[in-house]
Amino acid sequence: MSTAKPLPLEYKDSLGMHSNIADINHPIEENLPFHFKFFNITDHIENTLYQTLDRFLLQLDIIFIRDSVLAAVKETVTNAVKANVKRVYFNTLQTDIQNASDYQDKMIDFKKSYFDNRDEFEEGLLKYNYGVFVSFIHNKSMMRIRIMNNVELTEEESSRIKLRLEKAKIYNDLAEAYMDVSSDQEGAGLGLIMTLMMLKNDGLGDSAFKFESSGNKTIFMIDVPTQLAKDNAKISKADKIISEIDQLPTFPKTIQDIQAAIEKPNSSIGQIAEMIKKDISLSANILKLSNSAAFNRGGRVETLDRAIQLIGLKELQSLLYSLGTKQILEDKFPAFQAIWDKSNECAYYCKWIAEKMGLSKNTISNLLSASLLHDIGEILLLSFESEKMGQIKSYSNSKELASAISLEESSFGITHTKLGALVADKWNFPEVYGKAMEYHHRPLLVEEMYKEIVCPIYLGDMMILINQREARSSEIPKEVLNFCKFATIGEFDSFRIKIKETYQKL
């Protein structure tokens, strides 16, 4: 890939690192690269890299591969920094890292030494000028991301990476990869294999990821064709799971009758309450919902009539989709309660986000209903494939990967988001709920008319993950923050902390 002569790298306060561009809004032009140099990972640096990635993917109309490419960038950058830190460690010990026996002997204490003396190691990166260089460039046919550090790997480090690259070509199943290398403590293990599986699942062949190390230089390159098929799901792997959807019962007729009654112009709260009281379980769930964090108006609600009065008939009509879903799934699927509780927390955060956005009452009503429904597919996958889903969660949490969607797709041939959309279609839900289920992890892909629902749910889920230290605010696309009226990540984090504190007091 030919490039024009790059501008010199200079330190930019706005970016938090050296770069050839003035700021994050620097124009993207064909064959003109964006170069970045830094010594260690900070939230600010992560934010800059991820915003740059999003800008390139959006411009090239390939944002649908964001999860896999983001994972590959994170994995390779992390490994590049770690390789540099190891050189500082061996320099401090005055030991040759290229000596195989010394390498094996000294690496035993590396992790402990690094965690105990992190500041000294980070000063050493500057002292020895061990930097990481990340470049983004594109032309008409390809986008290239290059991650380079100015060290040559040892023979053992290089061999390990090459072995993982070869194995990633033959793995077809997450469990197969996980069982093989999950005990590897030396980096470039499971993480590298998983990212390669994710890239492959998004339509990128084995040649998309390249590695070389020689002459005091180690380079990883991710090559992304600008023309990619957007439908790469391996349907054959998903057949068994999809067949389970066919076994689900139809949506409760009693609830459909209540929704139809609410639609009539002369319906009263008393009439609707009498219909609901015939269903003891539904009555109890409405009372419980009216006292939940997202719907509580202050003071405990004791009667069904009062609960309906506070919720409102139009909002109740929407909420009956989630309550009917609860009736069907809560006894049949063991994963239900944990996901339902998380969805209730998400609904609480969505209510606050919606108020900040100034959404209409009707839109907020749909948003709260959609937030309660959005993870139906996760309930099903956790129940159908509990072991593999546990492995995915364990891996994505340990790697601080905000979305495990691509891992689900490579493991099952279908994601919990697509599975949820299939359920919404089976039960004839309004389209907005199906869109919320399908796109709440990929809000940049949804049509504009549904963003008022999907973007707050995405942020609500991210707030939960960040609060649990399973994700970082820097991973949130700038476009989503801006759409939800957050000017900066700092503003979002202040909002998140405040709302978290109010939720915990309830």
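Contact here means heavy atoms within 4.5 Å. The model shown in every view is predicted.

**View 1. T95 sits in the loop between α2 and α3.**
The loop joins α2 (66-92) and α3 (100-106) in sequence order, with T95 between them. T95 counts as buried because its relative accessibility is 14%, and the cut-off for buried is under 20%. Neighbours within four places in sequence are left aside here. Beyond them, T95 is in contact with F90, D102 and K106.

**View 2. T250 sits in the loop between α9 and α10.**
The flanking helices are α9 (235-246) and α10 (253-263). T250 has 64% relative accessibility, so this residue counts as exposed. The contacts of T250, leaving aside neighbours within four places in sequence, are I328 and W427. H26 gives a second reference point: T250 and H26 are 224 residues apart in sequence. C-alpha to C-alpha, T250 and H26 are 53 Å apart in space.

**View 3. Helix α17 is largely enclosed by the rest of the structure.**
The helix covers residues 376-384. Seven of its nine residues are buried, which is why α17 is described as largely enclosed. The buried residues are I376, G377, E378, I379, L380, L381 and F384.

**View 4. Helices α15 and α17 pack with their axes within 9 Å.**
Helix α15 spans residues 336-357. The two axes cross at roughly 155°. Angles over 145 degrees count as roughly antiparallel, and α15 and α17 are therefore roughly antiparallel to each other. The crossing of α15 past α17 is right-handed. On the α15 side, the contact is made by F336, I339 and K342. On the α17 side, E378, I379 and L382 take part. By class, the contact residues are four nonpolar, no polar and two charged. Two of the α17 contact residues, E378 and I379, are also listed as buried.

**View 5. Helices α22 and α24 pack at an angle of about 75°.**
Helix α22 holds residues 451-467, and helix α24 holds residues 489-505. Their axes are 11 Å apart. The range from 65 to 115 degrees counts as roughly perpendicular, and α22 and α24 are therefore roughly perpendicular to each other. From α22, the contact uses L459, M463, I466 and N467. From α24, it uses F492, F495, R496, I499 and K500. These residues divide into six nonpolar, one polar and two charged.

**View 6. D257 and K253 form a salt bridge in helix α10.**
The closest N and O atoms of D257 and K253 are 3.1 Å apart. Both residues lie in α10, four residues apart, about one turn of the helix. D257 is partly exposed, at 34% relative accessibility. K253 is exposed, with a relative accessible area of 56%.

**View 7. K277 and D305 form a salt bridge between helices α11 and α13.**
The closest N and O atoms are 3.1 Å apart. K277 lies in α11 (residues 269-277) and D305 in α13 (residues 304-311), so the pair ties together parts that are 28 residues apart in sequence. K277 is partly exposed at 38% relative accessibility. D305 is partly exposed at 31%.

**View 8. E330 forms a salt bridge with K326.**
The closest N and O atoms of this pair are 2.8 Å apart. E330 counts as partly exposed, with 25% relative accessibility. K326 counts as buried, with 4%. Elsewhere, salt bridges that share partners join D43, E46 and R472 into one network. The count for the model comes to 28 salt bridges.

Methods: Residues numbered from 1 in each chain as written. Predicted model: local features only at pLDDT ≥ 70, side-chain atom pairs only at ≥ 80, totals over all residues. Heavy atoms only, no water. Buried < 20%, exposed > 50% of the residue type's maximum accessible area, 1.4 Å probe, protein only. Axes fitted to C-alpha atoms, helices over the stretch in contact; angles between N-to-C directions. Parallel < 35°, antiparallel > 145°, perpendicular 65-115°, else oblique. Left-handed = near helix turned anticlockwise from the far one by under 90°. Nonpolar A, V, L, I, M, F, W, Y, C, P; charged D, E, K, R; others polar. Salt bridge = Lys/Arg side-chain N within 4 Å of Asp/Glu carboxyl O.
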